[in-house]
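Trainee: Could we take a close look at one part of this model together? I'd like to start from the aromatic rings and see what surrounds them.

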Amino acid sequence: MGRGKVELKRIENKINRQVTFAKRRNGLLKKAYELSLLCDAEVALIIFSNKGKLYEFSSTSSMAKTLERYHKSSYGPIDAHQSPNDAQNNYQEYLKLKARVEALQQSQRHLLGEDLGKLGPKELDQLESVIDTSLKQIRSKQTQHMFEQLSGLQRKEKNLMEINRALRSKLEKTNAAIQGERNMPYRPQPAQPEAFFEPLGCNNSTPQIRYRPLAPNNAAENAKGVLPGWMH
């Protein structure tokens with residue numbers, strides 16, 4: 001099985017970060033050398049560590065020649081008619097920008113708790129003040145997010161309680177209706193006397209006698225010749 005995907009992020013442990021930097025720096029320098037040797041390419045590699053230490057590799061005899069070639073390819077040839085004052089001003093601007101970048105990098109390392117040995121009491125107090133201000137802003141923003149989440153949860157709770165009350169009211173009405181049907185007194189229907197004769201229709205001119213079938217015992221007696229009482 002292949003190796004899993006490694007998440008690329010800053011290594012928090014200082015020792016592990018230094019070890020990883022040394023390994024990958026050497027690997028990168030080796031790859032640059034192999035590329036220049038195998039492909040006959042002009043390669044220049046510049047690396048600055050987080051402490052400002054320079055590591056470089058050039059496949060030619062001079063790094064300056066490779067940088068000059070890079071400058072010509074990227075920005076065009078250097079103007080031969082450029083005055084020395086302009087060149088000096090550009091160089092001074094470059095030095096200012098470089099110093100600013102280094103100061104920002106140093107400040108970032110201080111905020112991360114690195115390279116604090118060179119700082120005096122005043123610088124440490126200023127750094128502590130900056131960190132306290134940042135922490136206050138972070139905590140304020142975090143508290144705001146927590147209140148927003150709490151408000152959202154309270155609204156959801158209110159909606160669920162309203163739905164619960166509506167369902168409970170509906171359930172109580174249904175139970176009351178069912179209980180009312182169960183408690184309703186039973187009223188039996190009065191028994192109707194079974195008449196032997198059924199009423200005759202008045203419009204019929206011919207009298208008709210209608211009777212219901214007799215029980216099995218009476219039918220047996222009739223079969224033996226015993227006449228019912230009404231025929232005597």
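Trainee: How many aromatic pairs does the count come to, and what lies around them?

Mentor: Happy to walk you through it. This is a predicted model, so local features need pLDDT of at least 70 and side-chain atom pairs count only at pLDDT 80 or more, while totals for chains, interfaces and linings use all residues. Residues are numbered from 1 along each chain as its sequence is written, and side-chain values use heavy atoms, with hydrogens and water left out.

The count comes to 2 aromatic pairs. For a pair, the rings of Phe, Tyr and Trp (its six-membered ring) need centres within 6.5 Å; planes under 30 degrees apart are called stacked, over 60 edge-to-face, and the rest tilted. One of the pairs is Tyr33 with Phe57: the planes stand at 85° and the centres are 6.4 Å apart, so this pair is edge-to-face. Tyr33 belongs to helix α1 and Phe57 to strand β2, so the pair ties together parts that are 24 residues apart in sequence. Helices (H or I, at least four residues) and strands (E, at least two) are DSSP runs, numbered from the N terminus. The two partners differ in cover: Phe57 is buried at 17% relative accessible area, whereas Tyr33 is partly exposed at 46%. Buried here means under 20% relative accessible area, exposed over 50%, and partly exposed in between (1.4 Å probe, protein chains only).

Phe57 also takes us into the largest nonpolar core, whose 7 residues are Leu29, Ala32, Val43, Leu45, Ile47, Tyr55 and Phe57. Helix α1 (14-39), strand β1 (44-48) and strand β2 (54-58) are the elements that each give two or more residues to this core. Such a core is a set of buried Ala, Val, Leu, Ile, Met, Phe, Trp, Tyr and Cys residues joined through side-chain atoms within 4.5 Å.

Two residues help to see how the neighbourhood is put together. Val43 is in contact (heavy atoms within 4.5 Å) with Ala32, Leu35, Ser36, Phe57, Ser58 and Ser59, once neighbours within four places in sequence are set aside. Ser36, which lies in helix α1, touches Ala41, Val43, Phe57 and Ser59, not counting residues up to four places away. With a relative accessibility of 12%, Ser36 counts as buried.

Now follow the chain into the loop between α1 and β1, where Asp40 is placed. Asp40 has a positive phi of about 55° although it is not a glycine, and it is exposed, with a relative accessible area of 73%. Glu42 forms a salt bridge with Arg69, with the closest N and O atoms 2.1 Å apart. A salt bridge is a side-chain nitrogen of Lys or Arg within 4 Å of a carboxyl oxygen of Asp or Glu. Arg69 is in helix α2 (residues 63-75) and Glu42 in the loop between α1 and β1, so the pair ties together parts 27 residues apart in sequence. Arg69 is exposed at 52% relative accessible area, while Glu42 is partly exposed at 33%.

Helix α1 has another link, this time through charge. Side chains of opposite charge can pair when their charged atoms come close. Arg17 and Glu114 meet in a salt bridge at 2.2 Å, N to O. This pair links distant parts of the chain, 97 residues apart: Arg17 in helix α1 and Glu114 in the loop between α3 and α4. Both residues are buried. Glu114 forms a salt bridge with Arg10 as well, the closest N and O atoms being 2.8 Å apart. Arg10 sits in the segment before α1, so this bridge ties the loop after α3 (84-111) to a part 104 residues away in sequence. Arg10 is partly exposed, at 36% relative accessible area. Arg10, Glu12, Arg17 and Glu114 are linked in a network of salt bridges, and the whole structure has 4 salt bridges.

To place all this in the whole, the chain has 5 helices and 2 strands, and its elements run α-β-β-α-α-α-α from the N terminus on. Of its 232 residues, 9% count as buried, and Phe57 and Ser36 are among the buried ones, at 17% and 12%.
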